Amino acid sequence: MNMKMPDFNMKKLVKEAGSTFSRVVQLTEEKLGTSEKTELDSHFENLSERAECTRNWTEKLVRDTESVLIPNPGNRVEDYIFEKIEKKKPNRLSNLEYLGLDMIEAGGEFGQDGSYGSTLISVGHAEQKLGQCERDFIGSVGICFTTPLRKFLDGEMKTLSKEKGVLETKRLDLDACKNRVRKARSMLGQQSKDGLTPEAVLEQAERDLRIAQSEFDRQTEITKLLLDGINTSQNSHLRHLHAFVEAQSRFYIQCVQIMNSLQQELASMGGDAPYVPVGIELDAKANNESACDTTEQMKRARVLCSYDAKDHTELSLTANEIILVIECSPPNADYMYGKQGLLKGLVPRAFLEILYDDE
């Protein structure tokens, strides 16, 4: 059986190897200061430095964000491999969801009728909700922030790096042509070599120089246009950043709501555990909390009908339950500040009936 050998163009390979070697020598001479180098204008250099700064910081921000979203380095490597082979990432549970599952299972073993078992189950369900919110948050940030930034690095930045490499090659070719012209001019008046007069050698060298200069100028303009595009990319990156902040804010609000609901559930179940309400109190209502700590100053109120809290600053109410209330500071025509067991928050005035000592 005859096998066809690959068709190598040895002349081309030798020529390319010779060109590469010559450029290495040329770069070495430039670093040693024994050879002249064509310098790019200051505006171009400034654009190039800013683009490099953009690339470095974008890479770092993407890495840092992914480390926050997926703390386990092994999971990040696994996701990276699946992306490269263009396969769907594994739909793994979050640590919070695993914790929730184990709490629910443990609660079932200890018995749902016992306070510890039932509380474990309630907390487990809340941990599962937190874990799902976390996974949704990670997915949202991937779509709105890290993926667009990675596309920028793999697209525009790689294209720019490639064109800058071509520009450097054109610059080396240009400087090599300049050196040949200088050498040819120094040979004027000498005898012909290889059948060519020094004048003919100079004419050919100058022709090569004009071509090299034209190619260098053209590549410089191409690279400069790409640099301008890179340095205007911050406008789109700003939009991605706003989307990231929005996703993160939504995530933390959901977490607070889940934990507030859990604490209300635990408070209604009773027990001796000193549950501390979770929530971000508004600065304007800071005085309300300190006033609410003094129970003697508060009045008893009956809830006229059930009410679902609109956000983490409010309390959910059940019809006919008795809570403690006090005027807001500063006073609010629509709300009072209430204390419901261990929970504190705003309650709508219209849903309350103030009780007096004789009631």
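Are Asp175 and Arg171 buried or exposed?

**A buried pair in helix α5**

In this predicted model, both Asp175 and Arg171 are buried. Their side chains meet in a salt bridge, with an N to O distance of 2.7 Å. The two residues lie four positions apart in helix α5, so about one helical turn separates Asp175 from Arg171.

**A pair and a network in helix α2**

Helix α2 covers residues 42–69 and holds both Glu59 and Arg55. Because these two residues are four apart in that helix, about one helical turn lies between them. A salt bridge joins the side chains of Glu59 and Arg55, at 3.1 Å from N to O.

Glu59 has a relative accessibility of 27% and therefore counts as partly exposed. Arg55, at 22% relative accessibility, is likewise classed as partly exposed.

**A link between helices α5 and α2**

Arg150 and Glu66 form a salt bridge in which the closest N and O atoms are 3.1 Å apart. This pair connects distant parts of the chain: Arg150 belongs to helix α5 (residues 115–186) and Glu66 to helix α2, with their positions 84 residues apart.

Arg150 counts as partly exposed, at 30% relative accessibility. Glu66 is also partly exposed, its relative accessible area being 22%.

**Salt bridges in the whole model**

The count of salt bridges comes to 13. Among them is the one between Asp175 and Arg171, whose side chains meet at 2.7 Å. Elsewhere, salt bridges with shared partners unite Glu52, Arg55 and Glu59 in one network.

Terms used
Residues numbered from 1 in each chain as written. Predicted model: local features only at pLDDT ≥ 70, side-chain atom pairs only at ≥ 80, totals over all residues. Heavy atoms only, no water. Salt bridge = Lys/Arg side-chain N within 4 Å of Asp/Glu carboxyl O. Buried < 20%, exposed > 50% of the residue type's maximum accessible area, 1.4 Å probe, protein only.
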